[in-house]
Amino acid sequence: MVFFTLLIYSYTKSQDWVRTFTDGKFVDVTWVIETYDKGYLILDNENPPGYVWLIKTDINGIKLWEKRIGQGQYHIRFLNIEETADFGYVLGGGMSKYDPSDEDPIILKLNSCGEMEWCSVINTVGIYDFGTRVKPTPDGNYILVAQGSVFLPGEDVQLFKVDNNGNFLWKHTYHPDSLIWEPEPHDVRVDNDGYLISAMCYYPDPGNPSIGWERPYYIKTDTAGNILWWLVYGSGNGYHGYTWDATIKGPTGNYYSTGVHSNYCDNTALTKCMGNGQESYYHEIGRASCRERV
């Protein structure tokens, strides 16, 4: 009796399932997280791009609530969502409300029921930029990495910090090498000693500065946003390609990313850089096809 009771309990707690959510519009699922109650929160950007749809489910994918953000008047798009220490949520992205011809970085804080607590739009007049990742920091504040304008030299990768009420604290802009072209930040990692920005950029091979190749690009800062080191991965070992999404930190302090190795054709690859910013190895994961990507 005990065995069958536990079996039934286990089955009802977490089942295999497929859930479909629709409101009749084209929806781009951008981010999914597991929440404190073992349920899920789904971030959708709807088309037209003036609306964002949040869906909260329980552990079995049953919808608990949904929220819509935006009124369709302005372009708005969020690229990630993270749970906060108070079991609320923070979202990072871009919005065109105050700069119609360009976008501005935006951070949105919600409570545990998906209701807005505050919204911080960082108005950078005349600069086309938008937030790509927001993360909570150990001091209770928030860090946002943003794509800078490729049309303005030096406004390439931006890092913003706001306090726990959305008030602006500081901004840093990074362009450590004039040979770096069109960097695209994908992620920011929060460590105890600072932040690691993972990006993609174009950078030339040695001896041929006129042609840039796509490469992984890392910027490590301290907790005040000052650069500790930076690395264009591949400038030493000839690697062409890029990373995507999260970079993890191993127990010995080194960093690992998955992405695409594109020297010959596009193949899934793992790259490693040392904790001091030096290149290490890369490894292709199964060269079965020239179209494999992560």
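Two strands are taken as paired if DSSP finds at least two bridges between them. The model examined here is predicted.

By this criterion, strand β9 (residues 130–136) pairs with β10 in the antiparallel sense, over six bridges. Within this pairing, R133 stands opposite V145 of β10. The two strands, β9 and β10, form a hairpin. Five residues lie between them. In the turn, G140 has a positive phi of about 90°.

Strand β10 spans residues 142–147 and is mostly covered. Six of its six residues are buried. Y142, L144 and A146 point one way from β10. I143, V145 and Q147 point the other way. Both sets are buried. V145, the residue opposite R133, thus belongs to the set with I143 and Q147.

β10 also pairs with strand β11 (residues 157–162). This pairing is antiparallel and comprises six bridges. Here I143 of β10 has K161 of β11 as its bridge partner.

A further set of strands forms an open sheet. Its four strands follow the order β1-β2-β3-β4, with antiparallel pairing. β1 (26–34) and β4 (63–69) stand at the edges. Each has a single partner strand, so one side of each is left without a neighbour in the sheet. Neighbouring strands of this sheet are turned by 20° against each other on average, direction ignored.

At the β1 edge, the partner is strand β2 (residues 40–47). Eight bridges join β1 and β2, which run antiparallel. One of the bridge pairs places W31 with L43 in β2.

Key. Residues numbered from 1 in each chain as written. Predicted model: local features only at pLDDT ≥ 70, side-chain atom pairs only at ≥ 80, totals over all residues. Heavy atoms only, no water. Buried < 20%, exposed > 50% of the residue type's maximum accessible area, 1.4 Å probe, protein only. Axes fitted to C-alpha atoms, helices over the stretch in contact; angles between N-to-C directions.
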